[in-house]
Amino acid sequence: MAKKKKEEIVLNKTELMPTTIGTLNQKENGPIVAIALIILFVVCIVLLPYVSEWLQGPDTVTTPPPTTTPPSEEEPQEEEPPEDTNYYTIANDLTINIEGFQFSSFVINSTTQTLTFTLTNVSGEQDLFETNNYFMELYSNDNKLLQRIKLEQESIVTQTNYTYDISNAFTNGTISKLAITEISQEDYPNVSLASDTEGTPYLTCMKDNQTLSYYFTEQNGTYNLTELQERLTFTNADQDYNSNLESYTTLVASLSNMAGVSTDLVPTSNGFIFELTLQLPNVTSATMNRYFTDNVYYAANTEAKVVAFELESENYTCQ
């Protein structure tokens, strides 16, 4: 069989040229088409969940997203209720028993604005009040705190009588009740301190003719005592002026040349001023135990909140 002769296909050998299929009026149609496509795309996204739910049928349950309960709406955890303060109505026959000690014979003198009572060691450890911080708190009839008194930290062997100035309580309201509480230094409230021109934090406490300035160093949010400046003003109109002048003249002479201690007796037109500065890290414990045993003298590194809380309980105004 003869082969079928292939028919030769001849292509146009001219150089390839672009061919125009159609024209689009870009000026008039371009933006309109683009906007229409964008709108269609957005509509599809919005309607997609509803179309999917319709295709799944009415029996399909859609689970709502989980919600977070605000902390204020959470159920509180069970915890031990705080111990209630024991309030005692002040009366002549009131007796309060604490750890083998008895408080009795309470007398409020509105003229002198003082509180007197007797503390008796019945069966307690004699150093209970010496080693712990006990406070007597005075309240109004509606349990408003009027004044807090820090009890003397001393050993009670048998019986001791105490008298405290409660003028602050008279200023703040009518005294009706009292409570006796133990407060650890860890539970004392924090205090805000001012700073001097050199940026050193300090606390000033004042009462009567005495001004006390405590200076601190700050470390990790804690203010530690480093220096104490005391200023006492006396006038020749004071009842014990001559004995005070003699006493402080002797004290200045005794404290001369002691490490960390500087004193001065400054004459005034009507009396004198006693000035004392203690650089506490340099003051020996022997000097502190001999000359500075009053409650206003604190050891080096005592926290500022301790100084403020305890001195305010002794009727000092601290700021």
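Q: In which element of the protein chain is confidence lowest, and in which is it highest?
A: This is a predicted model, where local features need pLDDT of at least 70, side-chain atom pairs count only at pLDDT 80 or more, and totals for chains, interfaces and linings use all residues. Residues are numbered from 1 along each chain as its sequence is written, and side-chain values use heavy atoms, with hydrogens and water left out. pLDDT is the predictor's confidence in each residue, from 0 to 100; helices (H or I, at least four residues) and strands (E, at least two) are DSSP runs, numbered from the N terminus. The mean is lowest, 55, in helix H1 (residues 26-56), and highest, 98, in E14.

Q: How many contacts beyond four places in sequence does the model have for residues 58-82?
A: Contact means heavy atoms within 4.5 Å. Across residues 58-82 pLDDT stays under 50. Where pLDDT is low, predicted coordinates should not be read in detail. The number of such contacts for residues 58-82 is two.

Q: Which strands does the Glu137 and Arg148 pair tie together?
A: Their side chains meet in a salt bridge at 3.0 Å, N to O (a side-chain nitrogen of Lys or Arg within 4 Å of a carboxyl oxygen of Asp or Glu). The two parts are 11 residues apart in sequence. The strands are E5 (residues 134-139) and E6 (residues 145-150).

Q: Is Glu137 buried or exposed?
A: Buried means under 20% relative accessible area, exposed over 50%, partly exposed in between (1.4 Å probe, protein chains only). Arg148, its partner, is partly exposed at 23%. Glu137 has 5%, so Glu137 is buried.
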